[in-house]
Structures are given as structure tokens and as C-alpha cells.
Amino acid sequence: MGRAFEYRKATKLKRWGHMAKTFTRIGKQISIAVKAGGPEPENNPTLRAIIANAKRENMPKDNIERAIKNAMGKDQSEYKEMNYEGYGPHGVAIFVETLTDNTTRTVGDVRSVFNKFNGNLGTQGSLSFLFDHKCVFTFKKKDDMDMDELILNLIDYGVEDEFDEDEETNEITIYGDPKSFGDIQKFLESEGFEVTGAEFTRIPNDLKDVTPEQRATIEKMVEKLEDFDDVQTVHTNMKPAEE
């Protein structure tokens, strides 16, 4: 496995613990996708990917359909994608991804947490060099599938030549260039693969060692950031705890 897969498995990309918060997060993503590409999943690849993620999170069909309908309303809020970057305690890099309809509120909330933990909120893009931005696709494995041939066909889309296989769920996970998200999705669907998850992630390229006490402080800071409804994902370059 490559660095991205090892890191992803080690951290297990901690899931949101509260179901209602998960549905709120996905609802915002659906809103943006519908406004950008329309309400019909068959004509909107981004919406199809989000719906696949929603199903993976056990979001009821009624909730998905309601979110799509709400996104079509004229009085719906316009959400913006905003990233906030800085250093938390002990020199650990913190990258916060948000979807917000009020940037003043969101930056105030994020800054309050950085201040509380004696961190330093930097300018947008100041820490992008510390994280590799990737798109991630998970799909069902076919019988007698030749992964070497599949990866060879996907290399032109910036897909890495290493992949992760989950024998329990019979799923394959691949990583690729975020700019090729739509092309990768289109290729997988045209080849008849059942895409069960599609998202973006950030993999730190320089992990920072921390003590158990320092880890506890960083994890508490991340939890405080995740408490805000506007926050989608929080990434750090903290070295994963050894199992």
C-alpha cells in the first residue's frame, strides 16, 4: 500500500458521530451539486457521487429527495466552500474544510477554537504545501477483474498505481487527481462498476510526531471544530497513533 492508503487506514478517517450532523453535512453538499448541475442524478455526476456517499452513511431515501427538492427552492441559502488553515498546539498543521452561507460567522467560529487552543490561524493556501489533495473512489469489485489492466486504463486520469481492497465489503478504493474527478467517475460507470463512495481528501506529506498528551489536546481541538455545523472535514498532519 502507498502512503495515502496507509494513512487513511491508520486514521480510519473518523466518521461523524452524530447521525443528524452527518445528514446536515450531506444536505449542504447536495444543495451545491443541484444548483451547479441540476436535480437529475443521471445528468449530474457530482450529485450521483454525493447520493452514493449518502447511501453509504445510511441516509434515508426520503431525506435525500427532500434535500434535492429544497435545493431547487428560490429561497434556499447559497453555500460557499471555504478552507481555513493554521497551526494548532505543538506545531501540528490544521486544515479545516467548510460549507457556509455566512463566512463571517464561520471564520469567527473557527478562529475562536484556534485561539482557545493557542493556535495560529493563517491565510488561505498557507498550508496547502503540507497536504496532497486527492479524489477517492470506492467501488464494488467484479468477479475475475484484472486490477492491473484497470489501473493502466486509469493512469491517464492521474490515478495512483496502488489500490486498497476491502475483502469484507468486496470493495476497491483508488486515489487520483482531483481535477479528474468527473472523468474517473465517468470511466468507472461506463465500465459498469457500482460506485459506492466518491469524495475528496487531503493526505499530509510530512507527519508530525506527538506525545500521547499532545495527541489528546489536538484531538480535543479537532472535536471542537467538528462541533460547528459549517465544518465538513478537519485534516491534520499529526502522525497516527500506533495500534
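Modeller: Helices (H or I, at least four residues) and strands (E, at least two) are DSSP runs, numbered from the N terminus. This is a predicted model, in which local features need pLDDT of at least 70, side-chain atom pairs count only at pLDDT 80 or more, and totals for chains, interfaces and linings use all residues. Residues are numbered from 1 along each chain as its sequence is written, and side-chain values use heavy atoms, leaving out hydrogens and water.

Biologist: Let's start with a helix: how far does α3 reach from its first C-alpha to its last?

Modeller: Helix α3 covers residues 45–56, which is 12 residues. The expected span is 1.5 Å times one less than the number of residues. For α3 that expectation is 16 Å, and the model comes close to it, at 17 Å.

Biologist: And what positive phi does N58 take?

Modeller: N58 comes just after α3. Its phi there is positive, at about 65 degrees.

Biologist: Which residues on the other side of α4 are exposed?

Modeller: Let's find the buried side to begin with: I64, A67, I68 and A71 of α4 (residues 61–71) are buried (under 20% relative accessible area; exposed is over 50%, with a 1.4 Å probe and protein chains only). These four cover an arc of only 100 degrees around the axis, judged by the directions from the axis to the C-beta atoms, so they share the same side of α4. On the other side, the exposed residues are D62 and K69.

Biologist: Now the rings: is the pair of F137 and F181 stacked, edge-to-face or tilted?

Modeller: Phe, Tyr and Trp rings (the six-membered one for Trp) pair if their centres lie within 6.5 Å; planes under 30 degrees apart are stacked, over 60 edge-to-face, and the rest tilted. The structure holds five such pairs. In this one the centres are 4.9 Å apart and the planes are at 35 degrees, so the pair is tilted.

Biologist: How many residues apart in sequence are the parts this pair ties together?

Modeller: F137 lies in strand β4 (residues 131–140), while F181 lies in helix α7 (residues 181–190). The pair therefore ties together parts whose separation in sequence is 44 residues.

Biologist: Which residues do ring pairs link into a cluster?

Modeller: Two of them are the partners we just met, F137 and F181, and both are buried. With one further residue, the cluster linked by ring pairs is F137, F181 and F200.
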